[in-house]
Amino acid sequence: MALLPAYKYFCFNGEILPVDQFVAAENEGGIYEVLRVVHGVPLFLEEHLQRFYNSAKLAGKPIGYTPGQIHWFLKQLIEKDGVESGNILLSCKANLKAFFIAHNYPTIEQYKQGVKCGVLHAERENPNVKVFQTSVRQMANKLITDHAFYEVLLIDRKGRVTEGSRTNVFFVKEDKIYTPKANKVLLGITRQKTLECARQLGLKIKEKNVEYCHLKDFDAIFLTGTSPKILPVSNVEDFSFEVKNEILQQFMKKYDLMIGEYIKRGCIKS
């Protein structure tokens with residue numbers, strides 16, 4: 001699965017190069033992170049880099065650069081491309097690469113009305129490692145395109161919902177919030193921040209296996225991820241959910257406040 005830079009420059013092993021020198025390569029098996037840039041600031045960079053190095057360790061891929069060096073590379077890329085808002089792909093298979101990629105953020109209407117999701121019976125080989133897995137991505141993309149879904153939820157061999165193809169998922173029942181167990185999913189940075197939001201709001205989130213056949217028992221469902229942030233789900237196939245759920249709305253507002261606070265603290269512009 002080859003991805004291409006969306007703008008004029010890319011980073012290759014620490015050098016900022018013009019896009020006409022970019023050589024597309026197969027990424028299957030490489031580790032990666034997608035960072036969202038807002039007002040020129042890569043959000044929650046520290047957590048993304050921590051996961052990047054953890055994925056590298058689990059996948060047996062030496063990075064060869066320190067977090068401080070990668071931070072500097074990203075700063076140079078953002079300034080050279082002159083981009084205030086977008087997504088950066090940071091990856092390592094044989095070489096360290098970083099560049100802006102095309103992004104698709106939810107619309108204001110989707111945040112208000114929620115999004116529709118399907119399901120895909122598939123499992124990641126090692127869900128705690130953020131590694132390119134082309135087969136799952138291709139199957140998910142086909143379902144999303146064929147049925148106009150925003151996302152598809154992955155169902156494991158035991159009929160349990162684990163995560164979205166590119167998101168984590170949370171379930172609300174009255175005043176209780178649940179999310180699939182950590183060892184079954186990619187430990188998303190937005191998932192991590194959602195748990196932090198819960199602590200700040202005085203709410204508890206329980207990790208629990210949720211069977212697909214029991215989705216009808218929940219009041220609300222929301223997705224979390226780098227691009228969608230915290231996004232209400234209106235439907236999962238034939239199941240419908242409350243988009244205006246009070247607890248869900250609290251999480252959405254709190255997460256946006258968290259982003260604002262991070263930008264004030266973490267601006268990398270000189």
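**Helix packing and backbone outliers in a predicted model**

Ser91 is buried, at 4% relative accessible area (buried means under 20%, exposed over 50% and partly exposed in between, with a 1.4 Å probe and protein chains only). The model is predicted, so local features need pLDDT of at least 70 and side-chain atom pairs count only at pLDDT 80 or more, while totals for chains, interfaces and linings use all residues. Residues are numbered from 1 along each chain as its sequence is written, and side-chain values use heavy atoms, with hydrogens and water left out.

Ser91 belongs to strand β5, residues 85-92. Helices (H or I, at least four residues) and strands (E, at least two) are DSSP runs numbered from the N terminus. Ser91 and Tyr32 are 59 residues apart along the chain, yet their C-alpha atoms are separated by 4.1 Å. A second pair distant in sequence involves Ala25. This residue sits in the loop between β2 (15-18) and β3. Ala25 counts as partly exposed, at 33% relative accessibility. Its C-alpha lies 7.8 Å from that of Leu3, and the two residues are 22 apart in sequence.

Three helices were examined in detail. Helix α1 covers residues 45-59. Its 15 residues reach 21 Å from first C-alpha to last, close to the 21 Å expected at 1.5 Å a residue. The expected span is 1.5 Å times one less than the number of residues. Helix α2, residues 67-81, also has 15 residues. It reaches 21 Å between its end C-alpha atoms, close to the expected 21 Å. For α5, the 13 residues should span 18 Å at 1.5 Å a residue, and the end C-alpha atoms are 18 Å apart, which agrees.

Each of these helices is followed by a glycine with positive phi. After α1 comes Gly60, with phi near 70°. Just after α2, Gly82 has a phi of about 65°. Gly202, just after α5, has a phi of about 75°.

The buried residues of α1 are Leu45, Glu47, His48, Leu49, Arg51, Phe52, Ser55 and Ala56. In α2, the buried set is Ile70, Phe73, Leu74, Lys75, Leu77, Ile78 and Asp81. In α5, Ile189, Thr190, Arg191, Lys193, Thr194, Cys197 and Ala198 are buried.

Two packed helices are described by the angle between their axes and the distance between the axes. Axes are lines fitted to C-alpha atoms, for helices over the stretch in contact, and angles run from 0 to 180 degrees between N-to-C directions. Helices α1 and α2 pack at about 125°, with their axes 11 Å apart. The two are therefore oblique to each other. Angles under 35 degrees count as roughly parallel, over 145 as roughly antiparallel, 65 to 115 as roughly perpendicular and the rest as oblique. The crossing of α1 and α2 is right-handed. A crossing is right-handed if the near helix is turned clockwise from the far one by less than a right angle, and left-handed if anticlockwise. Leu45, Leu49, Phe52 and Tyr53 of α1 meet Pro67, Ile70, His71 and Leu74 of α2 in this contact (heavy atoms within 4.5 Å). By class, the α1 and α2 contact has 7 nonpolar residues, 1 polar and no charged. Ala, Val, Leu, Ile, Met, Phe, Trp, Tyr, Cys and Pro count as nonpolar, Asp, Glu, Lys and Arg as charged, and the others, Gly among them, as polar.

Helix α1 also packs with α5, residues 189-201. Their axes come within 10 Å and cross at roughly 125°. Helices α1 and α5 are therefore oblique to each other, and their crossing is right-handed. Glu47, His48 and Arg51 of α1 and Ile189, Gln192 and Lys193 of α5 make the contact. By class, the α1 and α5 contact has 1 nonpolar, 2 polar and 3 charged residues.

Glu47 lies in α1. It is buried, with a relative accessible area of 16%. Leaving aside neighbours within four places in sequence, Glu47 is in contact with Ile189, Gln192 and Lys193.

Most residues other than glycine have a negative phi. His39, not a glycine, has a positive phi of about 55°. This residue is in the loop between β3 (31-38) and β4 (41-42). His39 counts as exposed, at 52% relative accessibility. Lys229, also not a glycine, has a positive phi of about 60°. Lys229 is placed in strand β15, residues 229-236. It counts as buried, at 18% relative accessibility.
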